[in-house]
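Welcome! Open your viewer, get comfortable with the selection tool, and follow along stop by stop.

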Amino acid sequence: MTEMQREVLKIAMPWLFMAVFLVVWEIACVACQIPEIILPRPSRVFEVFVQRFDILLRFCWDTLWTTLIGFLIAIAGGLLLGLAIGASPFVYSGLYPLLIAFNAIPKVAIVPILMIWVGVGALPAVITAFVISFFPIVVNVATGLATIEPEMRDVLRSLGATRTEILTKVGIPRAMPYLFASLKVAITLAFIGSVISETVGGNRGVGFLMLSASARNDAPTTFAGLFAIAIMGVAMYAVCALVEKRMTRWAFRGEIVT
Amino acid sequence: MAFVELTGVSLTYRLGKDSTLALADATLAIDKDEFIAVVGPSGCGKSTIMKLVTGLLPASGGEVRVDGKKVTGPIKGVGMAFQNPTLMPWRTTMDNILLPMEVVEPHKRRFRSRRAEYVERAMKLLRTVGLADFADKFPWQLSGGMQQRSNLCRALIHEPELLMLDEPFGALDAFTREELWGVMQALWMEKRFTGVLVTHDLREATYLADTVYVMSRRPGRIVLSKKIDIPRPRTLATTFEPHFVDLVHELRDRIHQEHA
């Protein structure tokens, strides 16, 4: 196999696997005569996807922007809190247990509370997306800061650097690869958050669309919604991965970037 | 008056209930622009002396004075180089070398306005160590020896009065190490600063230093202070002359007594 063929195959692999997955699913549905209401065939889902594309697009758009706003707030908040936790052992020991406790709470449980506080609409979805994607960002940024080499710190301290200077010259640049790595995890979590909120109690977004479709026993539309979420998730993940490579070329030692 | 003075300095590391006496009663005086080396068996507290002089660690007993002032916290503007080059992978070699200029006064204040001048100064240093073509490369694109050269440049760019070297050539191969001795000597002869070199290589200590201090086993104390009366510039050929070899032997014998 030539180098060229190898490259082409590498790019084709994900599509190939997806095609195999869908074909197996299709055959299994037909062969076992699974009723559409339980598990629709992918071809049928695709059909509905195309038929109802305009509706899907509208609902997806709602989900997408609420997710992204929640995600952006999570980046800002996670970065700030992560820096605080990583830079100060006192903040670390004080806040970390609280954060873990908070992270352990199932986010489904807080949606009804949010509804009481802020009503239905976009806001609960934004807040849920924020709350769920916040934690990995905080933990990663704090880890990046906490693992500065002691010698690096000594070099700066003996030059007379202040704590703030050590943070800006070493801490923050060092935490960046950790931050960008966490974004890939956080963005998919953010989608989970906003869709949970829309499903539990909402009047908008893909979650709501799926909920009302399944209430009508319209399984193909429900699955079309699932597909739409998956597509958005993969697309946003790809964006985050791209940003990661662009911003922290040094962490990859320039190897991956071409 | 001596530039760096240690009088009866001791240091105890505490970790929970355990306490280890790392350094006991270290007394030494380093003149201004003198280059000294500290050698000794491993774990004898050589690196501890460095941290005490720079104020990174507070002494448990005794007194450390630099330039007549008692050291109570990290003293500012010291140049430091460790065995690990600790260059920042997100900065180019040039930007790494300029780091002290962004931190040390008075350069910090005028860093923006006089950047070009500082870049030229860094280039001059890079030329001295033979890295002129690598200024725009990242540290991870350099070999270990090149990284250590950049590290020396970074330690010297702000022309510190005091340079602390903690086994800076320890991780390099023998050829690169001997070459860098020459580079170090040339830098010292040109800039003249007070240098403290911590090493376990006796030839390295004898090559570079005016005075070599031998430390005892832990808890470390200074058991021998040896003036190296070989004129500079010393070369690799010097290291094979009988007098040089005798000096190294004398140091080695004293350290062997510690291991006995």
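**First stop: chain A**

Select chain A, which splits into domain 1 (1-34) and domain 2 (48-252); such bounds come from an automatic or database domain assignment. The C-alpha centres of these two domains of chain A are 31 Å apart.

A word on what you are looking at: this is a predicted model, in which local features need pLDDT of at least 70 and side-chain atom pairs count only at pLDDT 80 or more, while totals for chains, interfaces and linings use all residues. Residues are numbered from 1 along each chain as its sequence is written, chains are lettered from A and ligands numbered from 1 in the order in which they are written, and side-chain values use heavy atoms, with hydrogens and water left out.

**Second stop: where chain A touches chain B**

Now show both chains and select the residues in contact (heavy atoms within 4.5 Å). You should find 19 residues of chain A against 25 residues of chain B. Together the two chains bury about 2,100 Å², and carbon and sulfur atoms give 68% of that area; buried area is the accessible area (1.4 Å probe) that two parts lose on being put together, summed over both. Click on A:Ser158, A:Leu159 and A:Lys169: they supply 30% of the area that chain A buries against chain B, more than any other three residues.

Next, pick A:Asp154 and B:Lys51, which form a salt bridge with their closest N and O atoms 3.4 Å apart. The rule, a side-chain nitrogen of Lys or Arg within 4 Å of a carboxyl oxygen of Asp or Glu, finds 3 salt bridges across this interface.

Which helices of chain A should you colour here? Helix H7 (150-159) and helix H8 (163-200) each supply at least two residues of the side that touches chain B; helices (H or I, at least four residues) and strands (E, at least two) are DSSP runs, numbered from the N terminus. H7(A) has the largest share, with 8 residues. Colouring that side of chain A by class gives 8 nonpolar, 3 polar and 8 charged residues. Here Ala, Val, Leu, Ile, Met, Phe, Trp, Tyr, Cys and Pro count as nonpolar, Asp, Glu, Lys and Arg as charged, and the others, Gly among them, as polar.

**Third stop: chain B on its own**

Hide chain A and look at chain B, with its 7 helices and 10 strands. Its radius of gyration, taken over C-alpha atoms, is 18 Å, close to the 18 Å from the globule rule (2.2 Å times the number of residues to the power 0.38) for 260 residues, so chain B is as compact as a globular protein of that length. Along the principal axes, the C-alpha atoms of chain B fill a box of roughly 55 × 45 × 35 Å.

**Last stop: between the domains of chain B**

Colour domain 1 (31-58 + 73-78 + 161-260) and domain 2 (84-159) of chain B separately. Their centres, taken over C-alpha atoms, are separated by 24 Å. Between them, 17 residues of domain 1 of chain B are in contact with 14 residues of domain 2 of chain B. The area buried there is about 1,300 Å², with 71% given by carbon and sulfur atoms. In domain 1 of chain B, select B:Leu180, B:Leu187 and B:Lys191, which lose the most area to domain 2 of chain B, together 31% of what that side buries.

How many salt bridges lie between domain 1 and domain 2 of chain B? The count is 3. To finish, zoom in on the side chains of B:Lys124 and B:Glu190, which meet in a salt bridge (3.8 Å, N to O).
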